[in-house]
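Let's look at a protein chain together and ask how each label gets earned. Here it comes.

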Amino acid sequence: KMQQKKKIINEKGIGDEIRGGGSATVYRINDSNLAIKVSPLDGFFRPWPNPSPDETYRGLYREFMIQSQLYERDISVPKPEGLTWVKSPKTGIFCPSLVMEYIPHTNPYQNPEYPRIEKMFWDEVKKAKEAGFTPSFDCGPYNNWLFNPERDKVYFIDVRFWGKENDTKK
């Protein structure tokens with residue numbers, strides 16, 4: 001399955017930046033329903049300065065596992081597809097990367113129905129907590145989620161630091 005995704009990435013190429021943050025940059029894969037989160041190996045990966053490639057990969061692996069568990073429990077996250085290494089569009093260095101579903105989205109804060117959308121966000125947080133997950137400190141109504149108006153659905157993103165009951169690596 002991941003081999004098919006790698007083929008799509010190689011054929012279509014990494015497209016426009018969707019979103020950047022402290023630990024990675026997310027790009028759309030051209031002409032596809034995929035996105036890729038590229039974690040650089042240049043010391044920008046917080047909270048650890050100058051991580052090794054293995055540490056960076058382990059962090060993305062943890063995020064992939066949490067995102068997979070959320071997805072399997074019908075908690076709204078982009079469908080995780082797998083891990084790979086790609087050449088960073090910013091640095092040209094091969095970096096570990098998380099491949100996932102691309103979610104078209106709009107700015108929920110500018111939507112006249114924002115109170116209803118924010119309630120959807122909090123309902124999804126409650127659902128995640130009831131399933132035994134602990135959202136990270138940076139998951140709030142102003143950070144790390146998307147709204148897709150066509151599906152009328154919110155999606156959590158950047159779930160690396162989420163916890164799970166009986167998880168010793170929070």
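Q: How far apart are the mean positions of the positive and negative charges of the protein chain?
A: They sit 3 Å apart, taken over 26 positive and 23 negative charges. Lys and Arg count as positive and Asp and Glu as negative, while His and the chain ends are not counted. Each charge is placed at NZ of Lys, CZ of Arg, CG of Asp or CD of Glu.

A quick note on the model: it is predicted, so local features need pLDDT of at least 70 and side-chain atom pairs count only at pLDDT 80 or more, while totals for chains, interfaces and linings use all residues. Residues are numbered from 1 along each chain as its sequence is written, and side-chain values use heavy atoms, leaving out hydrogens and water.

Q: Why does valine 159 count as buried?
A: Buried means under 20% relative accessible area (exposed is over 50%, partly exposed in between, with a 1.4 Å probe and protein chains only). Valine 159 has 1%, so it counts as buried.

Q: Which residues does valine 159 touch, not counting those up to four places away in sequence?
A: Glu63, Ile66, Gln67, Leu70 and Val77; contact means heavy atoms within 4.5 Å.

Q: What makes the radius of gyration of the protein chain agree with a compact globule?
A: The rule is 2.2 Å times the number of residues to the power 0.38, and the radius is taken over C-alpha atoms. For 170 residues that comes near 15 Å, and the chain has 16 Å, so the two agree.

Q: How much of the protein chain counts as buried?
A: Of its 170 residues, 47% do.
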